[in-house]
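Colleague: Got a minute? Please pull up the model and walk me through it.

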Amino acid sequence: MKKALISGVTGQDGSFLAELLLAKGYEVHGIVRRASTFNTGRLDGIYADPHESGIRLSLHYGDVTDASCLRHILEKVQPDEIYNLAAQSHVRVSFDQAEYTADVVATGTLRLLEAYRDHVRVLGRAVRFYQAGSSEMFGAANPPQNESTAFYPRSPYAVSKVAAHWYCVNFREAYNLFICNGILFNHESERRGETFVTRKITRALSRIKLGLQSKLYLGNLASYRDWGYAGDYVEAMWLMLQQDAPNDYVVATGETHSVREFLDQAAACVDLDWAKIVEIDPRYLRPTEVDVLLGDATKAHSRLGWAPRIGFQQLVTLMMNNDFELARQEKTLREAGFTLPLGGGGRG
Ligand code: NAP
Ligand code: F7E
């Protein structure tokens, strides 16, 4: 049985990847940050009590800012594949917490790479490593962007991802390690964090439709993103580590849509006129914006045989269906006299 270690297992992608690997028969180990509230909600569908027998998902407390804990986890788990998904992944927040973002995203990757290199060296094991790179690394580069496009990062997050990317390339060349950089364009789902624009829109429009909220405050509606479905994208991560040789791949749908278009599609699902509900709040603008991202995933198509299954319209619809149902449940509970803690409606 193959063993995988996932940093960032509690995040959107981590949860989809853990499900995919479990379905493929892997033993899956995830690194979880200690928090004062539960942060494992996205794993509820696959988590089982460790005291039961035959458990194939194990969680380990750890943090990519703590090198010695990463070394201990590697020694204990002895994985065949490592997926480094841990990140402070919010671009707007990275302007407020630039140093912290660099510590987690750039230096955190370096810490894990060093622990991985030493583990391979000492134990002589063949271990493969996936790095969660981002289309944000292209930033202001002209679209369409592919593996040959020069990076032009536009945020502390993106600069940190570029550093992590090059650490990975350097470790691959310097120590002959099997390391792949996935350069993934935006991918969303019903599990997307509620302060990213897609989920913020689908949560808010659903709640507004049911009278639970009156306004939606957003920033720049003119930017374009190549939005895919997270469940499709984690398959590409896995495929990269199954090839004969390590390489770097762009993963994208090849279609781009503006935030306005996302609003059009989402509002149409619940028959709302978003222009009457949405207000612009400058707090959500970024000091430097990424205007247009549009990925060319020809290499992933031809070498990995990867293609996205879910298109833009289907993505918006599935997120709206999910969030309308959540809003409906919230309304029912409120009417019965219960109150629920709200998500990121006013943030993001
Ligand atoms: P996400 O939902 O924000 O999840 C990030 C994960 O990293 C969470 O599990 C989080 O833990 C964990 N984490 C944060 N700081 C950490 C630390 N110091 N030590 C250990 N774990 C830490 O992000 P995602 O959308 O799943 O994305 C996964 C990865 O792909 C990230 O590296 C992201 O930057 C990258 N990426 C995402 C996209 C996208 O469109 N989704 C596109 C390209 C690249 P908590 O749950 O405790 O917060
Ligand atoms: O913003 C605009 C915002 O925060 C998308 C991360 O997963 O994908 C994600 O980064 C666009 C931007 O995602 C609001 O200005 C307008 O132009 O949903 P987002 P992102 O910045 O593209 C990349 C690939 C990653 O790697 C990242 O980890 O939407 N926008 N109004 C807004 N954005 C937010 N968050 N909130 C707003 O109110």
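Modeller: Sure. This is a predicted model. Start at ligand 1: a polar side-chain atom of Asp 63 lies 2.7 Å from one of the ligand's nitrogen atoms.

Colleague: And how far is the side chain of Tyr 157 from an oxygen atom of ligand 1?

Modeller: An N or O atom in that side chain is 2.5 Å from the oxygen. His 187 uses its backbone instead: a polar atom there is 2.9 Å from an oxygen atom of ligand 1.

Colleague: How much of the ligand's accessible area does the protein cover?

Modeller: It covers 90% of the 900 Å² that ligand 1 has on its own.

Colleague: How many residues surround it?

Modeller: 24 residues surround ligand 1. Among the closest are Thr 10, Arg 33 and Ser 89. By class, the shell has nine nonpolar, ten polar and five charged residues.

Colleague: Which element gives the most to that shell?

Modeller: Strand E5, with three residues. Helices H1 and H5 each supply at least two.

Colleague: New topic. What order do the strands take in the sheet?

Modeller: The order is E3-E2-E1-E4-E5-E6-E11, in an open sheet of seven strands with parallel pairing.

Colleague: Why do E3 and E11 each have one side without a neighbour?

Modeller: They stand at the edges, so each has a single partner strand.

Colleague: How do E5 and E6 pair?

Modeller: In the parallel sense, over seven bridges. Tyr 130 stands opposite Cys 180 in E6.

Colleague: Which strands does H5 touch?

Modeller: Helix H5, residues 156-175, packs on the sheet and touches E5, E6 and E11. Its direction makes about 155° with that of E6.

Key:
Residues are numbered from 1 along each chain as its sequence is written. Chains are lettered from A and ligands numbered from 1 in the order in which they are written. This is a predicted model: local features need pLDDT of at least 70, side-chain atom pairs count only at pLDDT 80 or more; totals for chains, interfaces and linings use all residues. Side-chain values use heavy atoms; hydrogens and water are left out. Two strands pair if DSSP finds at least two bridges between them. Helices (H or I, at least four residues) and strands (E, at least two) are DSSP runs, numbered from the N terminus. Contact means heavy atoms within 4.5 Å. Axes are lines fitted to C-alpha atoms, for helices over the stretch in contact, and angles run from 0 to 180 degrees between N-to-C directions. A residue is near a molecule or strand if one of its heavy atoms lies within 4 Å of it. A polar contact is a pair of N or O atoms within 3.5 Å; within protein, one must be able to donate a hydrogen and the other to accept it, and residues adjacent in sequence count only if both atoms are side-chain atoms. Accessible areas come from the Shrake-Rupley method with a 1.4 Å probe; for residues, only the protein chains shown count as cover. Ala, Val, Leu, Ile, Met, Phe, Trp, Tyr, Cys and Pro count as nonpolar, Asp, Glu, Lys and Arg as charged, and the others, Gly among them, as polar.
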